[in-house]
Protein chains: 2
Amino acid sequence: MKIASVVEQIQIKKSFLCIGLDTDKDKIPSHLLSEEDPIFAFNKQIIDATQHLAIAIKINTAFYEAYGVQGWVSLEKTIRYIKEHYPDIFTIADAKRGDIGNTSLRYAKAFYEALPFDSITVAPYMGEDSVAPFLSVEDKHTILLALTSNKGAFDFQTQKIAGKELYKTVIETASSWEHSDRMMYVVGATKAAFLSEIRSVIPDSFLLVPGVGAQGGSLEEVYRYGSNDRVGLLVNSSRGIIYASDQKDFASAALDVAQKIQNQMAKLLTC
Amino acid sequence: MKIASVVEQIQIKKSFLCIGLDTDKDKIPSHLLSEEDPIFAFNKQIIDATQHLAIAIKINTAFYEAYGVQGWVSLEKTIRYIKEHYPDIFTIADAKRGDIGNTSLRYAKAFYEALPFDSITVAPYMGEDSVAPFLSVEDKHTILLALTSNKGAFDFQTQKIAGKELYKTVIETASSWEHSDRMMYVVGATKAAFLSEIRSVIPDSFLLVPGVGAQGGSLEEVYRYGSNDRVGLLVNSSRGIIYASDQKDFASAALDVAQKIQNQMAKLLTC
């Protein structure tokens, strides 16, 4: 998918919402557990109910891998369902991959070919040649971890290298790599104050912002400090939407929460 | 598996060899492609031929994920086969995972429960709470990326934070975390000169050393600078062993290469 299509969808839907499918059998409504594939059954209903409000859908691979082969089956069914029925939605494999070039090439094949995702989250620790195989694919997008929303972000990411925080060094360095126009960055919403500084380094890139909702970030702050002239934000909510109810009304409850967030977003977009 | 068992196996087998199953359908002998599961058929023969020389087997998950669901099936069959037939072999999921705590918990479930690995490689970028869920499991081992064998290692890992390289900061910080006695570290063999410095920080930990062979590192140097009083090394070779021949004799060719490496290791161990 081209970035221009994402920007167009943001304008059409008046939304920059990303819905995260962190689907966990212990949290989905119990009546779904008798389905042949409870995880896919859950995802399908969530997607159908909220697709008109979502610019992006992010699938957190860990939740699927935890169920072994069957989890990978549910993952594949989910991404294929989205691509078939809602091809305008930007899909994200939240997989935090990254390895030596020869191996990253296989991960790119896994998430860009075997599974038809538009993008994947990637860890920066192993440097340029570990990211290059993801960046080399046209119309696919690499979402590099920059500053994450968890407490551990302060262990290394905010440590200073020659007077500059590691996450800034990562962003500056990565933004000079070949095909960096296909790069997006993960910036946690709990660190909204950092966003204006990040924008001074990468004014044009899209940012994937987790941490609004369950993790405590503020949407207004993220928009104020993080948006650019084409919005440039995908703000993710996972648990707050998909687990809004654990009863049979879970899909309409998810819709209600997503609608509230989209209303807020529409207001911010027209300010 | 307990570390004491790994140390005991090193003494029994006079080896500290880890064999990496980076299994690629484009590289395995063509006669296997007619098998129902060519990747598992290849792995099984490699494992059977070399198991008496290997202390550890490392499965590079990227190569399996590249084949989608069927790849995950081959991965599961391979790890179960090793556990059933060769329970003394230390198994490594070379998966380079790591995410916020809630998600890392799922990855730990994926590789310690759904798949019965003894250990998993983990990226440090997201800090302590991203690694803690892996460390919290008894008799399982977290292998943290410290200094990798690729060119990109110089992008961030060797950059200095307050006068100290990032990889050293990672090792020092991580070695203070709870249950760090369950931690091992990835240190690329192409950086053997760095090993003695690393040993001054973590004298007792095991190091997983990729990069001997295809990536150009020297076994003697790794042993000289990296070993400790219980050896403390798992030296990996992947392509050099498993692709020693692309003909029907591939398993015996793999055995020959593994035997040569083990002979070298036995010599080093008795020096």
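**Figure 1. How much of chain A is buried?** In this predicted model, buried residues account for 56% of the 271 residues in chain A. The secondary structure of chain A adds up to 11 helices and 10 strands. With a radius of gyration of 18 Å, close to the 18 Å that the globule rule gives for 271 residues, chain A is as compact as a globular protein of that length. Picture a box drawn along the principal axes: the C-alpha atoms of chain A fill roughly 55 × 45 × 35 Å. Now look at who touches whom: of the contacts in chain A with a separation of 6 or more, 70% are between residues 24 or more positions apart.

**Figure 2. A closed barrel in chain B.** Switch to chain B and follow the strands around: eight of them form a closed barrel, in the order β1-β2-β3-β4-β5-β8-β9-β10, with parallel pairing. From one strand to the next, the twist averages 30°. On the outside of your tour, so to speak, comes a helix: α7 of chain B (residues 166-174) packs on the sheet, where it touches β5 (141-147) and β8 (183-187) of chain B. The direction of α7 makes about 155° with that of β5(B).

**Figure 3. Zooming in on β2 of chain B and its two neighbours.** Is β2(B) mostly covered or mostly open? Mostly covered: seven of its seven residues are buried. To get there from β1(B), the chain crosses through helix α2 of chain B (residues 38-50), and this β-α-β crossover is right-handed. Strand β1 (residues 17-21) and strand β2 (residues 54-60) of chain B run parallel and are joined by five bridges. Here you can spot Leu21(B) standing opposite Ile59(B) in β2(B). Next, β2(B) is joined to β3(B) by five bridges, and this pair runs parallel too. For Ile57(B), the bridge partner in β3(B) is Thr91(B).

**Figure 4. Two residues of chain B with a positive phi.** Here's a bit of background: most residues other than glycine have a negative phi. Which way does Ala162(B) go? Its phi is positive, about 45°, although Ala162(B) is not a glycine. You'll find Ala162(B) in the loop between β6 (160-161) and β7 (164-165) of chain B. Ala162(B) has 8 C-beta neighbours inside 10 Å, so this residue counts as exposed. His179(B) isn't a glycine either, and has a positive phi of about 60°. Look for His179(B) in the loop between α7 and β8 of chain B. Because 15 other C-beta atoms lie within 10 Å, His179(B) is partly exposed; the cut-off for exposed is 12 or fewer.

**Figure 5. Where chain B meets chain A.** How many residues does each chain bring to the contact? Chain B gives 50 residues and chain A gives 50 residues. On the side of chain B that touches chain A, the elements giving two or more residues include α3 (61-65), α4 (68-85), β3 (90-97) and α6 (128-135) of chain B. Also among them are β6 and α7 of chain B. The largest share of this side, seven residues, comes from α5(B), which spans 101-114. What kinds of residues are these? The side of chain B that touches chain A divides into 23 nonpolar, 15 polar and 12 charged residues.

Terms used. Residues numbered from 1 in each chain as written. Chains lettered and ligands numbered in written order. Predicted model: local features only at pLDDT ≥ 70, side-chain atom pairs only at ≥ 80, totals over all residues. Pairing = 2+ DSSP bridges. Helix = DSSP H or I, 4+ residues; strand = E, 2+ residues; numbered from the N terminus. Axes fitted to C-alpha atoms, helices over the stretch in contact; angles between N-to-C directions. Contact = placed C-beta atoms within 7 Å. Buried ≥ 20, exposed ≤ 12 C-beta atoms within 10 Å, placed from the backbone. Rg over C-alpha atoms; globule rule 2.2 N^0.38 Å. Nonpolar A, V, L, I, M, F, W, Y, C, P; charged D, E, K, R; others polar. Right-handed = clockwise from strand over helix to strand, strands pointing away.
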